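Please look through the sequence and the 3D structure below before reading on. The paragraphs that follow take up a few places one at a time.

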Amino acid sequence: METKSRTFLMVPYYLWMVLFVVAPIALVGYYSFFDIQGNFTLANYQNFFSGTYLSLTLSSFWYAFLITVFTLLIAYPTAYWITKTKQKQLWLLLIIIPSWINLLLKTYAFIGIFGMNGSINNVLTFLGLERQQILYTDFSFIFVSVYIFIPFMILPIFNALDKLNPGLVDASNDLGASQWVTFRKVIWPLTVGGVKAGIQATFIPALSLFMITRLIAGNKVITLGTAIEQQFLVTQNWGMGSTIAVFLIVFMVIIMILTGDREKGGNQRGNY
Amino acid sequence: MKSLVQTIIVLLVAVAILFYVNTQLNESSSSASSDTITVFNWGEYIDPELVDRFEQETGIRVIYETFDSNEAMLTKIQQGGTRYDVAMPSEYMIEKMKEEELLIPIDQSKLPNLQNIDPYFLDLPFDPGNQYSIPYFWGTVGIAFNPTLLDGQTFESWNDLWSPELKQEVILVDGAREVMGMGLNTLGYSLNSTDETELRAATDRLKEMGPNVKAIIGDEIVETMRRGEAAIALVWSGQAADIMYVNEDIDYSVPEEGSNLWFDNMIIPKTAGNVEGAHKFINFMLDAEVAAQNADYVGYSTPNSAAIELMDPEVTGDTRFYPTEEMRERLEVYQNLGPEKLGLYNELFLEFKMSMNQN
């Protein structure tokens with residue numbers, strides 16, 4: 001009876017996995033071997049390694065890297081500061097709330113803020129400065145992306161910092177370590193798991209951002225996501241679109257492995 | 001093993017349920033089809049008042065859905081999930097749909113109002129004898145510009161967009177055929193060129209324009225130009241009309257080297273469940289008064305000569321939007337280039353977009 005009901009409870013999970021995870025990935029892999037006429041071919045893969053798509057991949061990685069670095073630089077100190085406040089949950093909530101608002105809506109708001117006649121430029125002219133082109137630049141793209149990813153980076157880092165035993169920090173201080181050494185030798189190693197989780201939640205989606213590239217960067221920044229969208233919706237070359245998607249999946253797996261939480265190693269260090 | 005069998009059984013049951021729901025849904029939509037039609041049109045491309053009026057006059061209920069590209073429309077009609085009765089694709093897409101046998105022939109005897117259409121727009125190469133399509137709107141591709149933000153530049157030639165004074169001023173529409181077409185026209189080539197050397201030359205020419213490009217965006221162009229955010233944009237004539245409706249400073253010109261002339265047409269796709277109702281709807285839209293009201297609302301150029309007589313002569317006499325036949329001779333209609341060549345256009349367009357990040 002026990003096992004029977006347990007198997008039964010597993011059914012929705014398996015169904016979900018098969019229908020919405022395994023099957024789509026298999027289909028993507030399958031389609032990547034067909035050209036636009038529906039003939040079996042490896043040309044899509046060949047095409048991927050020819051100039052355009054390779055530099056596209058590199059630039060996607062570069063932007064995703066920048067976005068992740070800036071997000072981390074803001075998120076870590078913020079998360080640290082939140083753990084020191086009295087109203088932790090309240091502050092955390094205030095940071096989470098914006099992520100409940102529709103992404104498109106927030107993006108449109110930034111068009112208004114960054115525009116030639118937007119709030120920032122109005123302030124600039126008020127201060128007697130010249131109007132600046134902010135929208136459709138690399139800066140605006142990275143700024144908006146960082147803004148969007150911050151909550152996803154703060155959450156895991158906050159959890160890790162919050163779990164950190166303050167006794168360890170006190171001990172380190174008592175034993176004569178400077179603030180910097182305490183951070184480097186105690187706090188950082190114990191929270192690096194949270195940082196890795198945050199990087200996963202930022203870097204991987206940043207590789208395939210596509211709406212912000214158009215609305216905020218005016219398509220001057222092209223990511224793998226934009227290229228996939230184009231291949232499916234405009235060119236109708238499902239084969240090429242799938243091939244790019246296959247590489248995106250491969251890159252994601254690599255990143256997952258690199259940033260994976262190596263449970264054993266982490267715990268051992270924690271046990272010292 | 002046992003769990004595998006169970007998984008398979010569960011999968012089969014789920015598939016059966018989904019299948020049942022699907023057939024039920026299809027049946028319910030077909031049972032209602034005698035007094036409903038589903039119209040599939042571009043966004044903002046009809047006066048909603050006219051839909052209400054059609055419903056009142058004929059008692060046929062209209063389900064209205066919109067698309068934002070010919071390709072998206074094609075995909076939905078190919079899938080056949082919804083019973084679209086009337087759709088409004090552009091000419092090159094009609095050629096393609098004809099090839100794929102996705103269209104139902106139109107019975108012209110049921111369209112007495114067809115005589116309102118200017119014969120110039122009938123019997124065009126993409127659909128000889130209007131077997132499958134009836135003209136809805138037409139227009140051009142050109143340059144919308146805001147003279148108050150510029151030092152008196154005008155745009156008689158595409159080459160004017162390459163002028164070094166226009167750094168970061170030009171907005172392009174995110175369409176491979178429009179942007180590549182501009183590159184081809186500048187060099188004096190046909191915008192239906194399938195010659196790879198010509199296309200590569202056009203791409204290189206476009207790359208030189210890189211520093212002038214502010215952004216490559218979609219429908220947001222209209223808002224961006226209205227707000228005076230950008231000075232110059234490559235647009236469809238109707239977008240220009242939309243922009244000018246709000247911001248009167250803006251002007252529109254079709255460069256002398258030539259440009260694209262396009263036609264959107266009403267068709268009845270194979271998915272239709274109410275062919276009779278579809279004909280009624282098309283005939284209604286061809287009515288002089290209806291077409292005039294619609295053209296006023298939408299801002300594109302109507303092929304309906306009876307409607308033009310009812311409209312403000314200031315609008316219909318404006319050669320920017322109603323170019324004379326002589327002017328139209330410089331313009332070219334898109335041909336369906338086939339998936340491979342279209343792929344090449346998109347590949348090169350992507351290359352152009354990529355090049356902008358390097359400068």
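The model shown here is predicted. A starting point is A:I257, which is found in helix α12 of chain A. Is A:I257 buried or exposed? Its relative accessible area is 60%, and a residue counts as exposed when this value is over 50%, so A:I257 is exposed.

A:I257 also belongs to a nonpolar patch on the surface, with an area of about 830 Å². The patch is made by A:W16, A:L19, A:F20, A:V21, A:V22, A:I25, A:I249, A:V253 and A:I257. Two elements of chain A give two or more residues to this patch: α1, residues 2-31, and α12, residues 238-259. Of the elements, α1(A) gives the most, with 6 residues.

Chain B offers a contrast in helix α5, which spans residues 176-186. How many of the residues of this helix are buried? The count is 11 of 11, and the helix is described as mostly covered. Among the buried residues of α5(B) are the charged B:R177 and B:E178, along with B:V179, B:M180, B:L184 and B:N185. Just after α5(B) comes B:G188, which takes a positive phi of about 80°.

The loop before α5 of chain B leads to a salt bridge. Side chains of opposite charge can pair when their charged atoms come close. B:D174 pairs in this way with B:K353, and their closest N and O atoms are 3.1 Å apart. Where in the chain do the two partners lie? B:D174 is in the loop between β5 (170-173) and α5 of chain B, while B:K353 is in helix α14, residues 338-358, of chain B. The pair is 179 residues apart and links distant parts of the chain. The partners also differ in cover: B:K353 has a relative accessible area of 1% and is buried, whereas B:D174, at 23%, counts as partly exposed.

Over all chains, the structure holds 18 salt bridges. Another of them joins the side chains of B:R227 and B:E223, with 3.9 Å from N to O. Here B:R227 has 37% relative accessibility and counts as partly exposed; B:E223, with 38%, is partly exposed. A further salt bridge is formed by B:R320 and B:D318, whose closest N and O atoms are 2.9 Å apart. B:R320 is partly exposed at 30% relative accessibility. B:D318 has 18%, and the limit for buried is under 20%, so B:D318 counts as buried. Salt bridges can also share partners, and in this way B:E196, B:R200, B:K207 and B:E351 are joined into one network.

Next come two helices that pack together. Two packed helices are described by the angle between their axes and the distance between the axes. For helix α3 (residues 70-79) and helix α4 (residues 91-99) of chain B, the angle is about 25° and the axes are 10 Å apart. Angles under 35 degrees count as roughly parallel, and therefore α3(B) and α4(B) are roughly parallel to each other. Their crossing is right-handed.

The last stop is B:G218, in the loop between β6 (213-217) and α7 (220-226) of chain B. B:G218 is buried, with a relative accessible area of 13%. In sequence, B:G218 and B:I171 are 47 residues apart; in space, their C-alpha atoms are 9.8 Å apart.

How values were computed
Residues are numbered from 1 along each chain as its sequence is written. Chains are lettered from A and ligands numbered from 1 in the order in which they are written. This is a predicted model: local features need pLDDT of at least 70, side-chain atom pairs count only at pLDDT 80 or more; totals for chains, interfaces and linings use all residues. Side-chain values use heavy atoms; hydrogens and water are left out. Patches are made of residues with over 30% relative accessible area and no salt bridge: like charges are joined within 9 Å, nonpolar side chains (Val, Leu, Ile, Met, Phe, Trp, Tyr) within 5 Å. Accessible areas come from the Shrake-Rupley method with a 1.4 Å probe; for residues, only the protein chains shown count as cover. A salt bridge is a side-chain nitrogen of Lys or Arg within 4 Å of a carboxyl oxygen of Asp or Glu. Helices (H or I, at least four residues) and strands (E, at least two) are DSSP runs, numbered from the N terminus. Buried means under 20% relative accessible area, exposed over 50%, partly exposed in between (1.4 Å probe, protein chains only). Axes are lines fitted to C-alpha atoms, for helices over the stretch in contact, and angles run from 0 to 180 degrees between N-to-C directions. Angles under 35 degrees count as roughly parallel, over 145 as roughly antiparallel, 65 to 115 as roughly perpendicular and the rest as oblique. A crossing is left-handed if the near helix is turned anticlockwise from the far one by less than a right angle, and right-handed if clockwise.
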